[in-house]
Amino acid sequence: MTEELGTLYPTLESNCEDLVLSSKKLFQAQQGKGVPEFYETLKLKINTKVNYEYSNVTKSNELADSLHQDFENIQTEIKDQKKPENKRQIDKIIEDYQKDKQKETKLSKLPQQFLKFDEKTSATQTTNTYIQNEKQIAQNKSLVAVKPNEHQLSVIEPARLGTVMVQKIKKIIKPEWHAPWKLMRVISGHHGWVRCIAVDPGNQFFVTGSSDRTIKFWDLATGNLKLTFTGHISTIRSVIVSARHPYLFSCAEDKTVKCWDLEQNKMIRDYHGHLSGVYSLALHPTLDVLVSGGRDSVCRVWDIRARQQIHVLEGHTNTIDSIICQEFEPQIVSGSQDSMIKLWDMTSGKCISTLTNHKKSVRAMAFHPLEYTFCSAASDNLKVWKCPEGTFLRNISGHNAMINSIAINRNNVLASAADNGSLYFWDWKSGYNFQQINTIAQPGSIAAENGIFCCTFDQSQMRFLTGECDKSIKMYKEDETATPETHPIDDIRIEYANQNY
């Protein structure tokens, strides 16, 4: 028995040593070289690369045959275990594909005299038109495939065609003529920056909030001061007048949101919950719901009657500067200094979509009064979005400043007010900038105090109000004497505006 065990143990020990050595040889790379890849994996990589980069391209018979032959040779060489030659051949095929891709990108530099416009493809059918050379196509008919369902003509071998390029149709939108705006009245009375403004739904008065911690009511027709509310202990950042109740809502940097009864002219409710200053407010048009946002990076949804918090909308990572609310989905849209815009569902309290196109802080937003769209403003661009998914439509470029507020009226006039005192008026559909105004600081103010913090149109769309850094409120109106002949549309601005489509 002992002899049998003695003969058995050396056999097990030698087998274990063999297993260890074989494992080391299997998993340990050679000195100075990487671990060789499995050649079936390399083949799969090539197939994936070809399908990804040339999914819309039908290859010529010659190219397809050559590739097929290459793959057949690879398979035979793998069977014959000629691994080094397979590796070099696979690298060569990858390099050929990269060269073809570089040749394809050079096609856009062809001179226009070698190109011909395809008039059969209209702008309503497709946004892309492909320009081709008839002689080359006649010689290489098998190299071109047309896919009308995808609105795309695919180029098969760019190196051989030589004169095939892709060109987008530029859709020129003629702007609508709008009368220019002129300064009508300057109203003074605040002792601090005018940070927010709101117009009464009945168009009888407007309300302003200031850094002097007061809320003032002004007669819209005469500009006379009617009433002053005090109660906040810090800068007032937003005011809003309810269209369904005789209520005024205000928020401030003292972390509070207050409700004022306009029949009794006193504060009746306050809403506690924010951990820092509150910068923006929005009222739902049909529900008794108020939305607030501020430096604690959350939007809080309140029941205005019970003073109860309904939802806490979390997701932003920086101060929320603007909130807008509407009856339809998305019911709440918030813009933040983290450069993101979030669309929220009020029922579930969850984020529907996050828009990350902006690269700067989103300080202002506004819904269009007639369309199912909204506009957002940052120092990089004004962007137009389509509801409910938040589909990006176009840029409105040219206002190169820190935009604090925007407003849109029913006549398709978009106004943007910036921190450097510039006020731009745009045609909504074309993005044409038809007027630029630089506000003037009032006597007694320094030149740096010409910033505009807030702006809005009145209910008649005939007056435009701004709250400014020089502690004044400016009222603008359209110039009745202006005509398309006296203030023509600038063709250069049209061309610049249509570059953003």
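Strands here are DSSP runs of E at least two residues long, numbered from the N terminus. With that in hand, we can place T373: this residue belongs to strand 23, which covers residues 373-377. Please keep in mind throughout that the model is predicted.

Let us stay with T373 for a moment. Its relative accessibility is 7%, and because buried means under 20% relative accessible area, T373 counts as buried. What does T373 touch, leaving aside residues up to four places away in sequence? The contacts are F367, H368, W385, K386, L393 and W428.

Now step back to the whole protein. Seven helices and 32 strands make up its list of secondary structure elements. The protein has 501 residues, and 47% of them count as buried. Its accessible surface comes to about 26,900 Å², with 50% of that belonging to carbon and sulfur atoms. If we take the contacts between residues at least 6 apart in sequence, 49% join residues at least 24 apart.

A good place to look at strand pairing is strand 20, residues 341-345. This strand is mostly covered, since five of its five residues are buried. In a regular strand, side chains alternate between the two faces of the sheet. Here, I341, L343 and D345 point one way, while K342 and W344 point the other way. Both sets are buried, so a charged residue such as D345 or K342 is covered along with the others in strand 20. Strand 20 has a partner in strand 19 (residues 332-336), and the two pair in the antiparallel sense over four bridges. Within this pairing, V333 has L343 of strand 20 as its bridge partner. The hairpin of strand 19 and strand 20 has four residues between the strands, and S339 takes a positive phi near 70° there.

Strand 20 also pairs with strand 21 (residues 350-355), again running antiparallel, through five bridges. Which residue of strand 21 stands opposite L343? That residue is S353. The hairpin of strand 20 and strand 21 has four residues between the strands too, and in this hairpin G349 takes a positive phi near 70°.

Next, let us turn to charged pairs. Side chains of opposite charge can pair when their charged atoms come close. A search of the whole structure finds 10 salt bridges. One of them joins D288 and R244, with the closest N and O atoms 2.4 Å apart. D288 sits in the loop between strand 14 and strand 15 (289-294), and R244 in the loop between strand 10 (236-241) and strand 11 (247-252), so this pair ties together parts that are 44 residues apart in sequence. Is each partner buried or exposed? D288 is buried, at a relative accessible area of 14%, whereas R244 is partly exposed, at 41%.

D288 has a further salt bridge, with R305, at 3.6 Å from N to O. R305 lies in the loop between strand 16 and strand 17, and D288 in the loop between strand 14 and strand 15, so the pair links parts that are 17 residues apart in sequence. R305 has 57% relative accessibility and therefore counts as exposed. Salt bridges that share partners join R244, D288, D303 and R305 into one network.

Another salt bridge brings together the side chains of R307 and D270, at 3.9 Å from N to O. R307 is in the loop between strand 16 (298-303) and strand 17 (308-314), while D270 is in strand 13, so the pair ties together parts that are 37 residues apart in sequence. With 45% relative accessibility, R307 counts as partly exposed.

Our last stop is L275, in the loop between strand 13 (266-271) and strand 14 (278-283). Why does L275 count as exposed? The reason is its relative accessibility of 63%, because exposed means over 50%. Not counting residues up to four places away in sequence, L275 touches K255, D296 and R300. The C-alpha atoms of L275 and T256 are separated by 9.3 Å, and these two residues are 19 residues apart along the chain.

Methods. Residues numbered from 1 in each chain as written. Predicted model: local features only at pLDDT ≥ 70, side-chain atom pairs only at ≥ 80, totals over all residues. Heavy atoms only, no water. Buried < 20%, exposed > 50% of the residue type's maximum accessible area, 1.4 Å probe, protein only. Contact = heavy atoms within 4.5 Å. Areas by Shrake-Rupley, 256 points an atom, 1.4 Å probe, with all protein chains shown as cover. Salt bridge = Lys/Arg side-chain N within 4 Å of Asp/Glu carboxyl O. Pairing = 2+ DSSP bridges.
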